[in-house]
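Let us walk through the structure shown below by way of its cysteines and its charged side chains, with each term explained where it comes up.

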Amino acid sequence: MRPVTGNEIRTRFLEHFASREHLVLPSAPLVPRGDPSTLFISAGMQPLQPYYLGLSKPPAPRLATVQKCFRAVDIDEVGDRTHTTMFEMMGNFAPTGAYFKETAIPLAWELVHEKFKLPVNRLRVTVHPTDAEALQLWTEKIGIPADRIHQMESNWWGLGRGPCGPDSEIFYDLGREVGCGLPDCWPDHCDRYLEIWNLVFPQFDQQEDGTLVPLPRPAIDTGSGLERTAAALQGVQDVFTTDLYAPIIGFVREHSARDELRSERIVTDHLRAMTFIIGDGVVPSNEGRGYVLRRVIRRALVHARKLEMKRPLADAVAITTGLFGEPYPELKQQTAAIAEVIRGESERFQKTLEQGMEQFEKVASRGSKIVSGADAFRLHDTFGFPFELTRELARDRGLDIDEEGFKSEMAAQRERSRRAMPHQWALVKDLPKSEFTGYTELTTESKVVGIRKGGGPADVASEGEAIEVFLDRTPFYAESGGQVGDTGTITTESGRLRVEDTQKPADGVIAHLGAVVTGELRVGEAATAAVDAPRRRQIARHHSATHLLHKALREVLGDHVQQKGSWVGPEHTTFDIPLNRAITDKELERVNRRVMEKVREALPFHESHKPYKDAVAQGAMHLFDEKYGDVVRVVCFGDWTCELCGGTHVASTADIGPAVIVSESSIGSGLRRIDMVVGEAADDLIWRERRLLSELARSFNTGPEHLPERVESLRGQLKDAERRLKALSEQLRSARVKGQGGNGLVIKKGKVPFVTETVEASTPDELAAYADRYLEMVESGVVTVVAGDQFVIKVSKDLTPEYNAARLASLLGKGGGQAHLARGKLDVPAAEAFERLERELS
């Protein structure tokens, strides 16, 4: 019997609760809606909080979901057997008290034991010492032996005030060989126990003095991690061996020159996380969600570097989206766009590495035998240089590194952020305002009127410090209206700031974020503010192109099309519209042609300032959910399109240059996203794809126009050749194995019959085929075949309850699979691997 797949677990969980009067809700996006207190959804209950708080009425009294979650707090723990940043949380909920413990506990046990068939002797339960009701339900109603229930003080959920209560957890025993080895260990101190479900019982309202007042309607909130449940049901000892990760970690291993299990797991986890985060509309940046995404991508790149990974991370996106195409079809539709974001960030990180290497050389050349925690932190915080890389470079130079000092600096930064957070909006009123000059010039003579560093005001900032600078006049455009902030430099007589981002904390306030690269900056100094002109020109081209795109979409698809969001950067622009279907290729072609027609017409840019009501009455397009002032800026190109807009634009549509729609995809229910490149970015894309097409045509000895039929012809020939080769290989394998059967095949006798053979196989499938042939001869037993450093273990179906192939694989090296079939890479010579197996089976 084959193990249940991750997709099947997800489906069976929801079906179980749907059959018990629960309304199944789809997963909310990773980006919270209407909750500014957190960057990402990190628990299954989080999107349902308004129902628990009584702010809105739930669509049904009983709910069930499988929710996408991301926890950045766990990022440093990733690399062990169970910790991940991105995971799926299965849960059932009763936010208004439709049922309580007497129903929640039996519902969970019915699924875990009766439907998923997890044996009682592999399960443990924990309860809070004060929760006599839960203990009685587990022992008397469910019938769990008392020696399998452990009372733990940690089984309590609460935030210090407000709703709180005990919880009860279900653990799966992975086996003594995984944990401390003691016969009487428990989940509170041993890693052999894998938490697969937590049932939370919010039944009290904790007062300021600590008093617990019973809630009038106790609620239910449960969470079961899909990945951990899959590990239990698939009989493996870590989540990365489950089918929810195996194809991704397989890609990482296949294309890596070095073996390092922790780094393989980190790259695998982070690939999953970045794919889902980008799929939900986040792009890398220097703050908020974008900064977290940037850290995830760059951390994966650092560990890919350690593994000497030969393929770029972006090449694994298709594997990841393919894995989750069934539950999240919108993710698969965005494969190309997600890969492009990762590819772009990888290229930017390469530039960061070059800058960071320069700074590291300065630190290393001081003659000290140790890299201080402060220096490591400055490299990390100011120059974006990952600590793991600093440690690796220090080791190569024979230098020690003060890791404790670095951790102290990081902790201090977190504390500064924590202290500053409640006050940051209160301080906005004190920030100096700036006159924006960037519509008419890209370089402005100005004066430094404010500096902030470490969360507070400062009079001076020195080389290497990350700061915010405020000027009385500035050409830097602050991020707003979907357009990214400008970058560039601010130069004074005493120093220079590299501006990495520009933000608008409040109306009229423009904050220049960056690092002092030379000298120092002082409040009161005269300054020259210079925007990165080539980058700004590309941003302006993309922003003007979105206006043309908006109008063209309304012409082709109808006037009901309204902009729901956009992102305008130097490399590309995205444009979101409400639509309950995919845009056809023919429609996209018409839209693209219409945009290019208006580019060639060289429509002139003109702007005006009008009362908001007048502008709307005259037909200017605008966002219905955007807040506008009484007087608005109206941007027009000729008489063809007018919009309310505060962004920067080209003087004529002819300046946009070529415009190419790259992709169209779903980003959620009823929302479509169009990705477009223009100007230099479009030139690069056109020439890159044209060169690729020409090279492909040359390699196939044909012209570009005949390439499709040439490829189709060769595919047919290849399939025929593969069929013939497969048949011949099968005949050869059968002949070799049958020949051994009469002349030298050793079927060893132990607890079960087993075969260990070294064969010649060029592919994993060929190696598995050898295992099949040998198992046919053994009939009931265990077969292990090795080719080079690759191995396959096959167990006959009658023996899988006792001899799990995935567990046996862990004796030989790195690998995994299912109960009847496992494959992997040896970490010892074949002879020693066979000896290990013989000791286990004899």
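Cys636 is a good place to begin: with a relative accessible area of 6% this residue is buried, where buried stands for under 20% relative accessible area, exposed for over 50%, and partly exposed for what lies in between, computed with a 1.4 Å probe on protein chains only. This is a predicted model, in which local features need pLDDT of at least 70 and side-chain atom pairs count only at pLDDT 80 or more, while totals for chains, interfaces and linings use all residues. Residues are numbered from 1 along each chain as its sequence is written, and side-chain values use heavy atoms, with hydrogens and water left out.

Cys636 is joined to Cys642 by a disulfide, with an S to S distance of 2.1 Å; the term covers a pair of cysteine sulfur atoms within 2.5 Å. The link between Cys636 and Cys642 is right-handed, with 115° about the S-S bond, and Cys642 is partly exposed at 25% relative accessibility. A search of the whole structure finds 1 disulfide. Why does Cys645 not bond to Cys636? The sulfur of Cys645 has its closest cysteine sulfur in Cys636, but at 11 Å that atom is too far for a bond. Cys645 is itself buried, at 10%, and Cys164 is buried as well, with a relative accessible area of 1%.

The charged side chains come next. The structure holds 43 salt bridges, a salt bridge being a side-chain nitrogen of Lys or Arg within 4 Å of a carboxyl oxygen of Asp or Glu. One of them pairs Arg672 with Glu664, whose closest N and O atoms are 2.6 Å apart; Arg672 is buried at 9%, and Glu664 is buried at 15%.

Another salt bridge brings together Lys825 and Asp259, at 3.2 Å from N to O. This pair links distant parts of the chain, 566 residues apart, since Lys825 belongs to strand S35 (residues 821–826) and Asp259 to the loop between helix H6 (246–254) and helix H7 (261–279); helices (H or I, at least four residues) and strands (E, at least two) are DSSP runs numbered from the N terminus. Lys825 is partly exposed at 23%, and Asp259 is partly exposed at 46%. Both residues also belong to a network of salt bridges that links Arg253, Asp259, Glu264, Lys814 and Lys825.

Finally, Lys453 forms a salt bridge with Glu465, their closest N and O atoms lying 3.1 Å apart. Because Lys453 lies in strand S15 (residues 443–453) and Glu465 in the loop between strand S17 (460–462) and strand S18 (466–471), the pair ties together parts that are 12 residues apart in sequence.
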